[in-house]
Amino acid sequence: MKILMVFGTRPEAIKMCPLALELRKHKEIECKICLTGQHREMLRQVMEAFEIQEDYNLNIMRKSQTLTTITTDVLEKLEPVLIEEKPDVVLVHGDTTTSFAAALASFYQQIPVGHVEAGLRTGNIYSPYPEEMNRLLTGRIATYHFAPTERNRSNLLSENIEKNVYVTGNTVIDSFKTTVKENYVFHNPVLCNINYTDHRVVLVTAHRRENLGLPLQNICRAIKRLAERHTDIEVIYPVHLNPAVRETVYDILDGVDRIKLIEPMDVLDMHNLIARCNLVLTDSGGLQEEAPSFGKPVLVMRTETERPEAVDAGTVKVVGVKEEDIFSAANLLLENEGEYKLMAHAVNPYGDGHACERIVTVLQNQ
C-alpha cells in the first residue's frame, strides 16, 4: 500500500508527523510526504524535531498569499505529484486550506482521501474562517474519516457521513512521546531564564484571523491587567509572524513588566512549556487539546469552539473576546485555588496516545 501524506502548516505537521513515524514502522506500507509550504519556517522546525524528511515540497508560500492563491497553487502543483506517485490513499489533516485543496486535487485524480481529525464543527461557516468550511468540504470528499472523539463521529453521522468513520483519539497526544522530556532544556534563552518554581507561568497565544483588530486589542489589554495585578506571574506570549498581529501586540504589551514577547517557538519548546506552565490563554485549536493532557486549565479567547468535549470535561472554558470577560476568568483561576483545581484535575477527553496505531490498523485492513 502506498500512502501520500499532504500537509503544509505547523499545526498539521505536529499532528501528522507522529502518524508518519507510525506508518514507516510497517514494511508493507510505503509512506511518502508532500509538504505544500503554506507555512515555511515554522513548518521546518517541526519536521526537524521529529527527524522527518519530506519527499516533495510544493513551496507555495509567497508574499501576501491569499486563500485563493493557496488553493490554486496546491491544486496546480499537487496534480503532477499525484499522477507520478499514484497513491492508494492521500491523508490530509483537519481544517487548513492546504487540506481542502489537497483533498480536491486527489478527488480530481479519483484517489481516496483519508481525513485525520475529522468531524470537528462549530456550526458557523464564518467562525473560524475559513477553517469551518475547509473541514466541511474535506469531509464531503473524504473516503475515510478518522474522528478524534465520539462527538466528532456524531457530527459526521448527522451530516449523513456514515461509512468508514472511525474514532481514534487525537494524534497530537501521540506526539508527546517524541517531544516532551523530563529534563528538557529550552532552546529559547528567555524560557531558560524563567524561575518556574517561584513564578506562575501564563502561556498566551492569539493570532486567529477573526480576532484581528478590536478583539486582539481586548486580549492584550486583559493580559496587561493580569500582569499588573499579579506580581508572581510571568506571561509568555510567542507572537505570530503575521504583521497585523505583531503591530497590535507590541503596541500594547511591549515593555510591560513580566510579559515576555518572544518569537514563535519550535514544537519542542512549546510542548515542554505547556508541561511546565500553570495556565493557558489561547485562540488556538491545538492548545485546547494539548494543555489538558498536562492538567493545565485553558481559557479560549473566542466566541465558540469546535472542541466542546474539553468544555464538557471541564478542562477548557470559552471566555469570548471582551477585555473584562478574559480578565475576570483568568483572574479567578489565579486567585481561587479551588476553581483552578477543578479545571486542572479534569479528565482529558482526547485519547490515550495510540491514535496513530488505530489509523494505521484501519488503513491496513482496506
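Analyst: Let's start with a term: a salt bridge is a side-chain nitrogen of Lys or Arg within 4 Å of a carboxyl oxygen of Asp or Glu. This is a predicted model, where local features need pLDDT of at least 70 and side-chain atom pairs count only at pLDDT 80 or more, while totals for chains, interfaces and linings use all residues. Residues are numbered from 1 along each chain as its sequence is written, and side-chain values use heavy atoms, leaving out hydrogens and water.

User: What makes the meeting of Arg 229 and Glu 335 a salt bridge?

Analyst: Their side chains come to 2.8 Å, N to O, and that is within the 4 Å limit, so the pair counts. Arg 229 belongs to helix H9 (residues 214–229) and Glu 335 to helix H14 (residues 323–335), so the bridge ties together parts 106 residues apart in sequence. Helices here (H or I, at least four residues) and strands (E, at least two) are DSSP runs, numbered from the N terminus.

User: How do you know that Arg 151 and Asp 312 make a salt bridge, and where does each sit?

Analyst: The N to O distance is 2.1 Å, again within 4 Å, so the name fits. Arg 151 is in helix H6 and Asp 312 in helix H13 (residues 308–313), 161 residues apart. In total, the structure holds 30 salt bridges.

User: Why is Asp 312 called exposed, and what is Arg 151 called?

Analyst: Buried means under 20% relative accessible area, exposed over 50%, and partly exposed in between (1.4 Å probe, protein chains only). Asp 312 has 56%, so it counts as exposed. Arg 151 has 35%, so it is partly exposed.

User: Are Arg 307 and Glu 306 buried or exposed?

Analyst: Arg 307 has 4% relative accessibility, so it counts as buried. Glu 306 is buried too, because its value is 2%. Their side chains meet in a salt bridge at 3.1 Å, N to O. Both are also part of a network of salt bridges, with Lys 15, Asp 95 and Glu 117 among the other members.

User: What makes Ile 125, Tyr 126, Tyr 129, Met 133 and Leu 137 a nonpolar surface patch?

Analyst: Patches are made of residues with over 30% relative accessible area and no salt bridge; like charges are joined within 9 Å, nonpolar side chains (Val, Leu, Ile, Met, Phe, Trp, Tyr) within 5 Å. The patch covers about 450 Å², with areas from the Shrake-Rupley method with a 1.4 Å probe, counting only the protein chains shown as cover for residues. Take Tyr 129: its relative accessibility is 35%, so it is partly exposed, and that value is over the 30% a patch needs. Tyr 129 is found in the loop between strand S5 (113–116) and helix H5 (131–141).

User: What stands out about the peptide bond from Tyr 129 to Pro 130?

Analyst: That bond is cis, with omega about 5°. In the same loop between S5 and H5 lies Pro 128, and the bond from Ser 127 to Pro 128 is cis as well, with omega near -5°. For background, most peptide bonds are trans.

User: How do you know that the buried residues of H2 share one side of the helix?

Analyst: In H2 (residues 41–49), the buried residues are Met 42, Leu 43, Val 46, Met 47 and Ala 49. They cover an arc of only 165° around the axis, which puts them on the same side of H2. The arc is that of the directions from the helix axis to the C-beta atoms. Among the elements they pack against are strand S1 (2–7) and helix H1 (10–23).

User: What makes a group of residues a nonpolar core?

Analyst: A nonpolar core is a set of buried Ala, Val, Leu, Ile, Met, Phe, Trp, Tyr and Cys residues joined through side-chain atoms within 4.5 Å. The largest has 56 residues, and Leu 91 and Leu 203 are among those with the most contacts inside it. H1 gives the most to this core, with seven residues. A second, separate core of 33 residues includes Ala 222 and Phe 327.

User: Why is Cys 277 called buried, and which residues is Cys 277 in contact with?

Analyst: Its relative accessibility is 1%, so Cys 277 counts as buried. Contact means heavy atoms within 4.5 Å, and, leaving aside neighbours within four places in sequence, Cys 277 is in contact with Val 201, Leu 203 and Lys 296.
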